[in-house]
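Reader: Could you take me on a close look at a single part of this model? I would enjoy a friendly walk through it.

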Amino acid sequence: MARIFDGSKLVIASHNLGKVREIGDLLAPFGVETVSAGDLGLPEPAEDGLTFIANAEIKALGAAKASGLPALADDSGLEVAALGGEPGIYSARWAGPNKDFTAAMALINEKLGSTTNRCANFTCALTLAWPDGEMASFEGKVFGDLIWPMRGHKGFGYDPIFVPTGHTMTFAEMDPAQKHAMSHRASAFKQLINACFKNS
Ligand code: IMP
């Protein structure tokens, strides 16, 4: 059984404002005050793990040890079946230093060429770490197909080319609430809340 989070303050081990806000909102109903690694001036550790969970653990443990508080980290990305799971843990890096996701999506389309297998999934790993080194990790996935050209302007990252199974709109065409009800992040969060938070 995973350890229960019984504190009142949690570090969000991310320097990404969007992620910090989204995670803070998700945890607000549990009376948890969140503070970001960026606000605490914590260094960004090298994400040199080989899996989403390994990278989430590196970020969560680094922040928990540096702050003396429990810390939560998220690592996520897009896995394309016909590309052997690429870009996977390198999803952010495929967009380059300018975070150009239009170019990253065009690269995926170019690499797929005439391949008919357009299956892909998003994965989200969440790790909650305590300063004494204990950790609990959870992984959520959402499956779908890649389309081209891109469609929609909502969301972020690879959302404009991803159509979840059973739907016709891309994640970037959906309202955020619709995406969040079925996303890889929502699935990982549900598991985290059920395992580690009391009022679930
Ligand atoms: P991380 O910040 O290292 O975990 O990088 C995650 C990257 O995966 C993001 O920059 C996006 O490119 C991609 N990604 C993760 N979740 C999503 C999503 O919900 N929609 C679109 N792209 C996503």
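Which helices and strands are included in what covers the buried residues of H5?

Author: Happy to help. This is a predicted model, in which local features need pLDDT of at least 70 and side-chain atom pairs count only at pLDDT 80 or more, while totals for chains, interfaces and linings use all residues. Residues are numbered from 1 along each chain as its sequence is written, and side-chain values use heavy atoms, with hydrogens and water left out.

The cover over the buried residues of H5 includes helices H1 (17-27) and H4 (176-182), along with strands E3 (71-80), E4 (119-129) and E5 (135-146). Helices (H or I, at least four residues) and strands (E, at least two) are DSSP runs, numbered from the N terminus. Contact here means heavy atoms within 4.5 Å.

Which residues of H5 lie under that cover? The buried ones are His184, Arg185, Ala186, Ala188, Phe189, Leu192, Ile193 and Cys196; buried means under 20% relative accessible area, exposed over 50%, and partly exposed in between (1.4 Å probe, protein chains only). An α-helix has 3.6 residues a turn, so residues three or four places apart point the same way.

Now for the helix itself. H5 has 13 residues, 184-196, and at 1.5 Å a residue it should span 18 Å; its end C-alpha atoms are 18 Å apart, so the two agree. The expected span is 1.5 Å times one less than the number of residues. At the start of H5, Ser183 places a side-chain oxygen within 3.3 Å of the backbone nitrogen of Arg185.

H5 also takes part in the largest pocket, which holds about 1,100 Å³ of space. Of its 39 lining residues, Asn16, Lys19, Glu47, Lys59 and Ala92 are the closest to its centre. The elements giving two or more residues to this lining are H1, helix H2 (52-67), E3 and H5, and E3 supplies the largest share, six residues. A pocket is an open set of points on a 1 Å grid over the protein atoms alone, with protein on both sides within 12 Å along at least five of seven lines; lining residues have an atom within 4 Å of a point. Its volume is the space filled by probe spheres set on the points, which are joined across faces, edges and corners.

One last stop is Asn55, which sits in helix H2. Asn55 is buried, with a relative accessible area of 0%. Not counting residues up to four places away in sequence, Asn55 touches Glu47, Asp48, Gly49, Asp75 and Ile89.

Terms used. Polar contact = N/O pair within 3.5 Å; in protein donor to acceptor, adjacent residues only side chain to side chain. 1 Å grid on protein atoms, 1.4 Å probe; cavity = no way out; pocket = protein on both sides within 12 Å on 5 of 7 lines; lining within 4 Å.
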